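Visitor: Please take me through one part of this structure up close. I would like to see how a single residue fits in with the parts around it.

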Amino acid sequence: AIGETCIAATCKRHQSCSGECDTGFHCEQGQCVLNGGGGPIQVTLRWSTHEDLDLHVVEPGGCEVYYGNRTCTSTGSLDLDSNAGCSDDNVDIENVIYDPTNGPPPPGTYTVRAADWCDCSQSGPIPYQVIIRHGGGTETYCGSFPANSCAAGGAGRHPTGARRTAC
């Protein structure tokens, strides 16, 4: 439905606003809207459980944007480390956003990964969605981590047991 984010049949209603929104969002026509939608590249990780998942984007030069290194270039940055260390913030979204006002993003191939930092309370699979917006198009990938798939990952860590599924 309009105004909802849904993953694996679990939906969260977008918060209405009067100028104040959670980190990573801005108020637009009375609704909190995800930041960075108008930039040249935006990578979004979404999930709908009380878990600490992390978005990693490796830029063409090898620098990795993630919770431990929130920016590599003057244009790209991680907006929020949602549910850091299992402290539930009820956002469940992370974005790496490339701001065109700071110059163009580095040209080349980017690597995008989702990592399960650690299971916070989940006893079953942990579904997630990665949305990549670039060049006027959108690509969506879905996957899930099995329970107890902690990676406690830093830079260069690969997701443990991640499995891609149909969206």
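Guide: Start at Arg113. This residue is buried, with a relative accessible area of 11%. The cut-off for buried is under 20%, so Arg113 falls inside it. Keep in mind that this is a predicted model.

What does the side chain of Arg113 meet? It meets the side chain of Glu64 in a salt bridge, at 2.7 Å from N to O. Arg113 lies in strand 10 and Glu64 in strand 7, so the pair ties together parts that are 49 residues apart in sequence. Side chains of opposite charge can pair when their charged atoms come close. The partner, Glu64, is also buried, with a relative accessible area of 8%. The structure holds one salt bridge, and you are looking at it.

Now step back to the strands. Strands 7, 6 and 10 form an open sheet, in the order 7-6-10, with antiparallel pairing. Which strands sit at the edges? They are strand 7, residues 64–65, and strand 10, residues 111–118. Each of these pairs on one side only. Strand 6 is joined to strand 10 by seven bridges, in the antiparallel sense. For one facing pair, find Val58, which stands opposite Thr111 in strand 10.

Strand 6 leads on to the nonpolar core. The largest such core has 18 residues. Strand 6 (52–58) supplies at least two of them, and so does each of strand 5 (41–47), strand 9 (93–98) and strand 11 (126–134). Which members touch the most other members? Leu45 and Tyr128 do.

Look at Leu45 more closely. Set aside its neighbours within four places in sequence. Leu45 is then in contact with Leu53, Asp54 and Leu55, among others. Further along the chain, its contacts include Asp92, Ile93 and Glu94. Ala114 is another contact of Leu45, and so are Tyr128, Gln129 and Val130.

Finally, take in the whole chain. How many helices and strands does it have? It has zero helices and 13 strands. Of its 167 residues, 41% count as buried. Among contacts with a separation of 6 or more, 55% join residues 24 or more positions apart. The chain exposes about 8100 Å², and carbon and sulfur atoms supply 50% of that area. Then return to Arg113 and Glu64: their salt bridge links strand 10 with strand 7.

How values were computed:
Residues are numbered from 1 along each chain as its sequence is written. This is a predicted model: local features need pLDDT of at least 70, side-chain atom pairs count only at pLDDT 80 or more; totals for chains, interfaces and linings use all residues. Side-chain values use heavy atoms; hydrogens and water are left out. Helices (H or I, at least four residues) and strands (E, at least two) are DSSP runs, numbered from the N terminus. Buried means under 20% relative accessible area, exposed over 50%, partly exposed in between (1.4 Å probe, protein chains only). Contact means heavy atoms within 4.5 Å. Accessible areas come from the Shrake-Rupley method with a 1.4 Å probe; for residues, only the protein chains shown count as cover. A nonpolar core is a set of buried Ala, Val, Leu, Ile, Met, Phe, Trp, Tyr and Cys residues joined through side-chain atoms within 4.5 Å. Two strands pair if DSSP finds at least two bridges between them. A salt bridge is a side-chain nitrogen of Lys or Arg within 4 Å of a carboxyl oxygen of Asp or Glu.
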